[in-house]
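Please open the structure in your viewer and keep the selection tool at hand. The stops below follow one another, each with something to select and something to look for.

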Amino acid sequence: MGGVVTTFFAILFTVATLVLVVGLGLRIARYARTPAPLKIPTTPAPLTRPGVAFRLAREAVGFESLFRANKPLWIFAALFHFGLAVVLIRHARYFETEVGPLVALVQPLALYAGLAMVAGLTLLLARRVMIERIRYITGRSDILMLLLLLGIGTTGLAMNGLVHTDIVAVKAFFTGLLGLEIRPLPADPLLVVHLLLVAALMLVFPFSKLLHAPGLFFSPTRNQTDNPREHRHLCDWAAKLEDRKS
Amino acid sequence: MAAPFDTPVLGDVTERGIPALKAGAMAGSKPYVAAAAHQEPLGFPGVLEDGWEKKAIGHMGELLGKYRSLQVFMDICVKCGACTDKCHFFLGTSDPKNMPVARADLFRSVYRRYFTAAGKLAPGLVGAREMNKETLDEWFNYFHQCSQCRRCSVFCPYGIDTAEISMAARDIMDAIGQGQKYCNEIIGKVHRIGNNLGLPPPALLDTLEGLEEDMEADTGVAVKMPIDVHGAEVLLVTPSADFFAEPHVLGLIGYAKVFHAAGTSWTLSTKASEAGNFGMFIGNYEQMRKISLRIREAALELGVKRIIFGECGHAWRVAYSFLNTLAGPWDFLDPRYPVPQHILEFTNDLISRKGIKLDKSGNDGMVLTVHDSCNVARGARMGDKPGGQFTIPRDVIRASVPKFVDMHPDTICDKTFCCGGGGGLLTDELIELRVKGSVPRMEALKAVVEQDGVTHMAAMCAICKAQFTKILPYFGHDREMVVSVHQLVSNAIVLGDND
C-alpha cells in the first residue's frame, strides 16, 4: 500500500512540476513574444525604466492599485497572499537538506501565516457569496479555485496542529525526488489529500487565472515608460506597414 | 430609436453609492449599424456575410498575436471585482454588464471557448461561449456602452484596460461587416474631406474670415486665423468642432489670441483640418495611422517647425502617445520642442515666462472648476513631469479667472469620470446612455455648485464640450456652463501690448 502511494506521488509530482514549468514557460514566452504596438501606460506613469521597476514592485508587493480601489478587498488579498508567501518559504525546508537563513527567519511566523492565509481565503470566498456584484461576476472556476486553496491550507494546518505526519519522511521523499531517487512517503490521509490538492494547483496554474502572477509584469499599462515623444516606439509588424507604399 | 427615459436623480458625491444590479437595464441600448456605404470606403465588408463567425474568430486570433495587451488581459483577470464600482456607465445605469469585468467577459468568454484548453474541455466551468448572432448582438450593444476612458485600468491590480478590449471587439465587428455608423461615417469624411464634420476647404476659409472680422470688432486688434500658410513656425491641428460649435470656437479664438500676443507665426491646414482620430475608437491601427499621416504630409508641405494640438482629449492621446509611432520620426521639425505639443503647454509656458499678460477681470463673476478629460488624464501627459496633464490646465485656468475650485478628489485627475460621450458614443441614438453615464460627473459638479458657488466648468476636449452642452440642461444647468480652457484665456488676455 505504502509503495503504491509513494510511486503514485513520485510520478504525480514529476508530471505536475513539468506541466507547471513548461506550461508557464510557454505562456510567459508567448507574452514576451507578442508585440505591444502602442504606448499605453496608464498615466501618470514613470518616465524611466527604474521608475517602471518601482511601479511594478509596488503593484506586486503592495498591491497599490487594489489599495486605491477597495480597502477591504486589499486587506483580504494581503492576508491571503502574504500568508501564502511565508508558508511557501517555510516549505522550502522539505526540499533542502540544510535549512536556509530565510526559512529559519520565517519559522516562528509560519503558523500565523497559515492561519492568515486560510482567514484571507475564507473572507474572499464570503464576499463572492455575499456581495451582489461580486456574485454576478463569479464563475464556478472562481469558487473552485478558492476551495482548492482552502483545502490545501486547512489540511496543512491540520497536520501542523492536530494530526501530525512524519515530516522527516516527507522531507526525505521530496529531497529524494529532486535527486531522482524514490524514498517512501507516509500514507497519512491528510498528507495524501494535501499533496493531491497541491499537485492539482500546479497542474492548473498555467491554464488558469493564476497567470495573473507572471502576467502583471507583462501588462503594458503598468510596464511601459511614459516617453513616447522622446523615443519612437515601433514594433515589427507596424514597421512593415511603413515599407509598403502608403 | 431613442425611447423616452427618466433623467436620473443625482445622489451625494461624498457617499459614493453603488447601485443594486438591474440586469438587462441597458440591453436595448445600441448605436446604428454602419451601412455598406460607411463600411466599404474603409475596406470593411458592407454587411455580415455567411461564415462571419469563423472570420471573427480568425480575426480575434490575429489580434491576440499582434497586441500583448489583449493577450495578457484575456488571461490574467482574477474576477476580484475591484473594477466593478468604477465605471460611470455602471454607476449611471445599474446594468451589471457595464461593470468592466463583465464587459470584458463578453470577449473573454469567446476567447476561452476557442483559444484555451479549459474552454474547449469544460466550457461550462470557465464560462466559455460560442460566437453566434446572440453573442455578436450583445457585443455590439455593450462594447458601444464603453467610452474607452480607462478608469477601470487605474484601479485594476494588473492594469487591465477595458478600452483595449472594447477596441479589439469593435475591430473584429468591423472586420466581419457589423461596424458602427457614427464612427465609420466620420472616418470616411476625414479621408474624403479632411475633417470629422465634413467642412470643405472653402467653407473653412469662409468661417475663419468671419472669425477674424468678429475678433477685430470685439477687440480692435487684427488677430489672424491663418490657414495653409507656407513657412509658418507652428502648424496648429485642432478638432474641427473648434471651427463652429460653441464653446469650442471660443477656445479657437483663444489660441489665435495667444499666438498673436506671443508673436508666433502659425497656420491651420485644410489637409489636416482635424485633430480627432476616430481610428482609435474602432481599434484599427491602419485607420489610425492613415489619419495621422495627413498631419505629417501637411507639416512637410507647409514647411512648419513645430506642431501644436488644440484642446481635444482622444486627439491628444493619439498625438502624445501614438503620433511618433504612427507618423514619425519627426526629425524634420525643430528639435528644441517636443513633437507634438499641446496648446496648453504652449500657453502655460508663455504665462510662466510672462510672454503674455492675463487680466483676470476679463472673467469677472465666474467661479471655475475643471473636468479632467479621460484621455488626457489617463492616456497622455503634458509638460515634463508625470501629472503635468493635471497641473498645467489648472495653472492656466487659475491665471485667467478670479476663483477656481476642484471637484471631489475621487472624481478628478486620474480618477476623473468620463463625460459620458467619449469613445465614439457622441451620437443622438445613444442619448439615454450618455445622460446616465454623465451622472457621476454631474453629482460631483452639483456639490461644488452648491458649496462653492461654481458657475462654470472648463473642459479641454471637443467631445466633452459637445457632450456637456447637450447633457447639462437635463440636470437643470445652462448649456453654456461648460467653457473651453482657452475661452477663459481669450477673455483674460491683454492684446496689443507686446513689449
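Begin by selecting Val370(B) and Ala458(B), in what is a predicted model: Val370(B) stands opposite Ala458(B), which belongs to strand β7(B). Extend the selection to the two strands, and you will find that β5(B) and β7(B) pair in the parallel sense over four bridges. Keep Ala458(B) in view and turn towards β8(B), where the bridge partner of Ala458(B) is Val483(B).

Next, select the whole of β7(B), residues 456-459, which runs parallel to β8(B) and is joined to it by three bridges. Within this pairing, Ala459(B) is the residue opposite Ser484(B) of β8(B). Show the side chains of β7(B): His456(B) and Ala458(B) point one way, Met457(B) and Ala459(B) point the other way, and all of them are buried.

Now widen the view to the sheet, an open one in chain B whose four strands follow the order β6-β5-β7-β8 with parallel pairing. Its edges are formed by β6 (403-404) and β8 (482-484) of chain B, each of which pairs on one side only. Add helix α20 of chain B, residues 439-452, which packs on the sheet and touches β5 (367-371), β6 and β7 of chain B; the direction of α20 makes about 160° with that of β5(B). Then add helix α22 of chain B, residues 485-492, which also packs on the sheet, here touching β5, β7 and β8 of chain B, and whose direction makes about 70° with that of β8(B).

For the next stop, select strand β3 of chain B, residues 306-309. Which of its faces are covered? Both are, since Arg306(B) and Ile308(B) on one side and Ile307(B) and Phe309(B) on the other are all buried. Strand β1 of chain B, residues 234-237, runs parallel to β3(B) and is joined to it by four bridges, with Val237(B) standing opposite Phe309(B). Two bridges join β3(B) to strand β4 of chain B, residues 341-342, again in a parallel arrangement, and the bridge partner of Phe309(B) in β4(B) is His342(B).

From β4(B), move to Pro340(B), which is placed in the loop between α15 (313-327) and β4 of chain B. The peptide bond that leads from Val339(B) to Pro340(B) is cis, with omega near -15°.

Select the cysteines next. How many disulfides does a search of the whole structure find? It finds zero over all chains. Cys312(B) is a useful case to inspect: the cysteine sulfur closest to its own is in Cys461(B), and because the two are 5.0 Å apart, they are too far from each other for a bond. The sulfur of Cys419(B) has its closest cysteine sulfur in Cys464(B), at 4.0 Å, which is also too far for a bond. For comparison, a disulfide requires sulfur atoms within 2.5 Å. Cys312(B) is buried, with a relative accessible area of 2%, and Cys419(B) counts as buried at 3% relative accessibility.

Now select the loop between α8 (133-142) and α9 (151-155) of chain B, where Gln148(B) is found. Although Gln148(B) is not a glycine, its phi is positive, near 55°, and the residue is buried with a relative accessible area of 2%. Arg150(B) lies in the loop between α8 and α9 of chain B as well; it is not a glycine either, yet has a positive phi of about 70°, and it is buried at a relative accessible area of 1%.

Step back and colour chain B by its domain assignment, which gives domain 1 (36-186) and domain 2 (193-405 + 454-492). The centres of these two domains of chain B, taken over C-alpha atoms, are separated by 32 Å, and 17 residues of domain 1 are in contact with 14 residues of domain 2.

Finish in chain A by selecting helix α9, residues 167-178, whose 12 residues reach 16 Å from the first C-alpha to the last, close to the 16 Å expected at 1.5 Å a residue. Buried residues in α9(A) include Ala169(A), Val170(A), Phe173(A) and Phe174(A). After α9(A) comes Leu180(A), whose phi is positive, near 55°. As a last selection, take Pro44(A), in the loop between α1 (2-33) and α2 (49-62) of chain A, where the peptide bond from Thr43(A) to Pro44(A) is cis with omega near 0°.

Terms used: Residues numbered from 1 in each chain as written. Chains lettered and ligands numbered in written order. Predicted model: local features only at pLDDT ≥ 70, side-chain atom pairs only at ≥ 80, totals over all residues. Heavy atoms only, no water. Buried < 20%, exposed > 50% of the residue type's maximum accessible area, 1.4 Å probe, protein only. Expected span 1.5 Å × (residues − 1). Pairing = 2+ DSSP bridges. Contact = heavy atoms within 4.5 Å. Axes fitted to C-alpha atoms, helices over the stretch in contact; angles between N-to-C directions. Domains from an automatic or database assignment.
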